[in-house]
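Here is a short report for a reader meeting this structure for the first time. Look at the chain below, then read on.

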Amino acid sequence: MLVNLHIVNIALIDELDIDFTEGLNVLTGETGAGKSIIIGSIGIGLGGRFDAGLLRDSEKDGLVELLFFVEDGLAAELEAEDIEVHDGEVLISRRLSGGRSVNRINDRTVTVAKLKDVAQKLISLHAQHEQRTLLKAASHLEIVDSYDNSIIAAKKEVADLYRDYKKVSDKLESLISDDTDRAKKLDYIRYEINSIESARLKPGEDMLLEELFKKASNSQQIAEITSEVMRLTGYDSPMSSGNQISEALQVLTRLKKYDDFSDELIGLLSDIEALMSDFSRELAEYASEMEYDEETLKQTSDRLDLINTLKSRYGSTIEEVLGQLASLKDQEEELASYDETIAKLSDEKAALESELEKATGKLTKARKKTADALCETIADAMRELNFNDVRFTMHFDEAKDYSANGKDIAEFYISTNIGEDIRPLTQVASGGELSRVMLAIKSVISETADTPTLIFDEIDVGISGITAEKVGNVMHRLGETRQIITITHLPQIAACADSSYVIEKEVVGDKTITGISRLSDEGRVMELARLLGGASVTDSVIATAREMLER
């Protein structure tokens with residue numbers, strides 16, 4: 001359940017803190033007091049639009065925090081999605097700072113998508129405009145699908161089969177439509193294959209050639225460097241280090257006449273002389289290997305140009321070029337064996353269509369069975385909402401073509417008066433009726449949904465009298481199994497609350513501020529009296545308010 005709502009610097013709100021309770025929480029207040037701001041702030045907390053235009057003071061941060069308490073089952077579900085739950089609490093926070101929204105769940109920064117995914121498991125917000133979705137027939141089938149979890153598996157099977165069916169169908173259609181250009185396309189593909197194959201590419205060849213080209217194109221500079229080093233370290237000049245070390249070794253050997261322990265020094269210098277000899281030999285071999293003629297340079301350059309041309313057309317590496325070659329060969333085989341390919345794809349399409357037909361039939365059957373049960377339950381719920389002679393059902397039609405959602409076209413039909421033909425809901429329901437139909441649907445759907453908190457924004461629009469009292473009773477009953485938060489202008493609904501809150505607007509200094517407070521028992525009486533009597537709250541109106549609460 002939603003335990004606390006904290007709002008800072010949003011519209012008319014400086015800072016506001018609300019503690020909610022279990023059961024039915026009812027928010028009332030004068031028109032323009034800021035009820036929609038509070039519901040809108042909850043929407044922001046659930047991942048709705050949050051931009052600088054919503055801030056009261058553009059120089060300060062805006063903040064919305066929703067603190068939830070969750071039961072063990074839901075806590076385990078959230079933790080399975082890597083959301084830590086501390087002592088049963090989950091804190092969703094959205095801060096607008098510097099024009100950017102920072103989203104957190106329990107102090108962990110998350111994306112808006114992640115926040116929305118978690119929020120929908122905790123709370124369901126039914127905004128004032130949502131009843132208008134009932135005027136869109138496409139939404140009716142979604143309501144049926146959401147009522148029965150077993151439909152999910154059937155829908156997935158249809159969606160998977162349709163994806164494969166569409167892929168094969170599109171490929172078949174493409175081949176058939178391209179038949180006139182098939183010979184031309186086949187010639188071009190064979191030309192491309194020959195371009196790659198004739199190059200006889202080898203993986204890694206380009207890197208070796210680039211290294212060779214680098215050496216060959218700089219062979220003169222390499223020769224100059226090695227020649228200079230050979231002059232300095234070799235044996236061709238009396239002053240070169242090789243000759244100098246050999247001469248020093250000969251001189252040092254004369255120490256043996258005077259010192260029996262000079263062998264170590266002589267050995268070290270001997271090793272140095274041997275290393276210099278090895279170095280000179282290796283350098284000479286290296287220099288001879290770095291001798292490239294113009295033909296070698298040209299061949300290397302031409303080969304690199306060919307490889308780079310192929311890479312620019314077919315891939316950034318030789319491996320990718322060879323991969324494209326394999327793909328071109330598959331296309332060649334497909335086009336060369338056109339008739340066989342068409343026949344194969346046609347058979348594959350027919351087989352998938354047969355499976356898809358069975359799967360969509362299974363889905364339709366499940367939907368019709370669920371729709372019958374759902375419509376009967378919704379009709380019962382509507383009778384509780386003062387639809388005395390209601391008939392409520394769903395009509396199914398079949399679409400011409402398959403889709404990922406099957407072939408069903410479904411729409412709710414309704415009749416609310418004796419002798420009145422049953423007709424599409426989108427054509428006959430008034431605003432007040434739509435409010436009650438939506439509440440009936442939500443009350444039924446919520447019985448199977450796991451969302452612990454439901455919020456209704458003025459779902460009582462267009463109703464009054466005994467109907468309003470029945471709506472209040474239904475919402476109170478919903479509050480026995482989950483937390484309900486609603487805004488209302490009707491005393492009949494406000495009287496059914498487990499907890500009542502009044503939203504008021506006041507002027508503090510030079511600013512208008514929206515505030516909210518939880519009402520005491522006497523406060524509830526006076527707020528009900530205001531809803532009943534408006535500006536004229538007499539003793540008899542107050543007595544009526546007390547009677548409504550007692551009843």
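## Around Phe-412

In this predicted model, Phe-412 touches residues from several parts of the sequence list. Leaving aside neighbours within four places in sequence, its contacts include His-140, Ile-143 and Val-144. Cys-375 is another partner. So are Phe-392, Thr-393 and Met-394. Arg-423, Pro-424, Leu-425 and Ile-441 complete the set.

## Two nonpolar cores

Phe-412 also belongs to the largest nonpolar core, which has 89 residues. Phe-412 is among those with the most contacts inside this core, along with Met-382, Phe-392, Val-437 and Met-475. Which helix gives the most to this core? Helix H13, residues 338-384, does, with 14 residues.

Another core lies apart from this one. That core has 43 residues, including Ile-7, Leu-74, Ile-92 and Leu-115. In soluble globular proteins, nonpolar side chains tend to be buried together.

## The chain as a whole

The protein chain has 19 helices and 15 strands. Its C-alpha atoms fill a box of roughly 135 × 75 × 45 Å along the principal axes. The radius of gyration is 41 Å, whereas a compact globule of 551 residues would have one near 24 Å.

Buried residues make up 43% of the 551 residues. Among contacts with a separation of 6 or more, 69% join residues 24 or more positions apart.

## Surface and charge

The accessible surface comes to about 30,100 Å². Carbon and sulfur atoms account for 50% of that surface. The chain carries 63 positive and 104 negative side chains. The centres of these two sets lie 4 Å apart.

Conventions: Residues numbered from 1 in each chain as written. Predicted model: local features only at pLDDT ≥ 70, side-chain atom pairs only at ≥ 80, totals over all residues. Heavy atoms only, no water. Helix = DSSP H or I, 4+ residues; strand = E, 2+ residues; numbered from the N terminus. Rg over C-alpha atoms; globule rule 2.2 N^0.38 Å. Buried < 20%, exposed > 50% of the residue type's maximum accessible area, 1.4 Å probe, protein only. Contact = heavy atoms within 4.5 Å. Areas by Shrake-Rupley, 256 points an atom, 1.4 Å probe, with all protein chains shown as cover. Lys, Arg positive; Asp, Glu negative; His and termini not counted. Charge placed at Lys NZ, Arg CZ, Asp CG, Glu CD. Core = buried A, V, L, I, M, F, W, Y, C linked by side-chain atoms within 4.5 Å.
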